[in-house]
Amino acid sequence: MKTKIIAGIGIVILAVALIFTMKPKSFSDEFAQTMKDMDSYILQGNMEITKGEDVKAYALEVGYEKGEKDYFKVSLTDKELNQEQIILRNDAGVFVVTPSLNQVFKFEGDWPMNSPKPYLLQSIADIVKQENATIKKQKDGTLVSAKVSYPNNKNFDHEDIMFDKNAKLKWLQIYNKDNTSELKIVFTKCEYDAKIKKDYFKAPAVIEKKASASVISEQDLPLYPVQVFSSELKSANQMKVNGEVKHVLEYHGDKNFTVVETKKEVPKDTQTVIMPGEMIDAMDVVGFYDGNHMSVVYDGVEFSVFSDELGPEEMMEVINSMQVAVMK
């Protein structure tokens, strides 16, 4: 009798083991394994960023290669201005290549892993494995939906990511709390374990691609921010420093700050500039932050905010609100 009971227990254990063995892996587990096994990838697509009534369109390319130090490259081309900006990381550091200024800015830091990025597979994989993620099998692939948090993009609230049957990205969309789309990427290429050229991640010594003509001229300056945190404009002046005209706007109120706008001259030869402080990547613009000062270059104009009372996210909000005014 005892032998029969032991045998019965053994059969039950074997049956349970078989069930778990035969049970298909979840999409989350499969994608995690795909990421673990992956040595490189190339993503290409079209990205739209919505800010109020304005929609900006970009051509996007993202490259990644696993190594002792992982390499990354992100290229964004503004379709309206036909201006490209590249951020890349290699053994030498982090670089922001800005053809509109014929300059390469060099940083220290752990970009892009210092905060999630919608266009990085690593960030997408983190969303897929979230406990709150909803994963639905569909006729043409898998849809993942989840609440999200992007420190440099406070309005982003939840996200949909669509994969094809081979777990390749098809599109993603990020919404605010009102369920209004703020960012959309449609992928035209998603290649895992891609063959990448040797110099793909190299920072250029000479920028070959020249920028198109600027939309913003000296006569358009100064531009006025929409986001002023209840402060009021107290003075607007201009001064000439080293041959450059600087437009200075001073705001006083609950949070005091100063805006400086400068139309930059483009040097003939490519310059590499070593930058102190931190790089803030806010999707379509890159900020240079050093504690009480942030600068962003957009369409050949340097927008700077100085304040002891605004944080980096607030400074970026001020600068971004001027960009919206530009595009109108």
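## Close-up views of a predicted model

**View 1. The lining of the largest cavity, by residue class.** In the lining of the largest cavity, 13 residues are nonpolar, 4 are polar and 5 are charged. The structure shown is a predicted model. Altogether, 22 residues line this cavity. Nearest its centre lie Gln 83, Glu 84, Gln 85, Asp 284 and Val 297. The space inside comes to about 280 Å³.

**View 2. Strands that line the largest cavity.** Which strands each supply at least two residues of this lining? They are strand 3, strand 4 (83-90) and strand 18 (293-298). Strand 4 gives the most, with 4 residues.

**View 3. The second largest cavity.** The structure holds 2 cavities of 30 Å³ or more. The second largest has a volume of about 40 Å³. Its lining includes Ser 115, Pro 116 and Lys 117. Tyr 150, Pro 151, Asn 152 and Asn 153 also line this cavity. So do Asp 281, Ala 282 and Met 283. By class, 5 of the lining residues are nonpolar, 3 are polar and 2 are charged.

**View 4. The open sheet and its edges.** Here 12 strands form an open sheet with mixed pairing. Their order is 7-8-9-10-11-1-2-3-4-5-6-15. Why is one side of strand 7 (134-138) and of strand 15 (271-274) left without a neighbour in the sheet? Each stands at an edge and has a single partner strand, so one side stays without a neighbour. From one strand to the next, the twist averages 15°.

**View 5. Strands 2 and 3, side by side.** Strand 2 covers residues 54-65, and strand 3 covers residues 71-78. The two pair in the antiparallel sense over 8 bridges. Look for Leu 60: its bridge partner in strand 3 is Leu 76.

**View 6. Helix 2 on the sheet.** Helix 2 spans residues 27-37 and packs on the sheet. This helix touches strand 7, strand 8 (141-147), strand 9 (158-163) and strand 11 (181-192). The direction of helix 2 makes about 95° with that of strand 7.

**View 7. Helix 3 on the sheet.** Helix 3, residues 121-128, also packs on the sheet. Which strands does helix 3 touch? Among them are strand 1 (40-51), strand 2, strand 3 and strand 10 (169-175). The others are strand 7, strand 8, strand 9 and strand 11. The direction of helix 3 makes about 105° with that of strand 9.

Technical notes
Residues numbered from 1 in each chain as written. Predicted model: local features only at pLDDT ≥ 70, side-chain atom pairs only at ≥ 80, totals over all residues. Heavy atoms only, no water. Pairing = 2+ DSSP bridges. Axes fitted to C-alpha atoms, helices over the stretch in contact; angles between N-to-C directions. Contact = heavy atoms within 4.5 Å. 1 Å grid on protein atoms, 1.4 Å probe; cavity = no way out; pocket = protein on both sides within 12 Å on 5 of 7 lines; lining within 4 Å. Points joined across faces, edges and corners; volume = space filled by probe spheres on them. Nonpolar A, V, L, I, M, F, W, Y, C, P; charged D, E, K, R; others polar.
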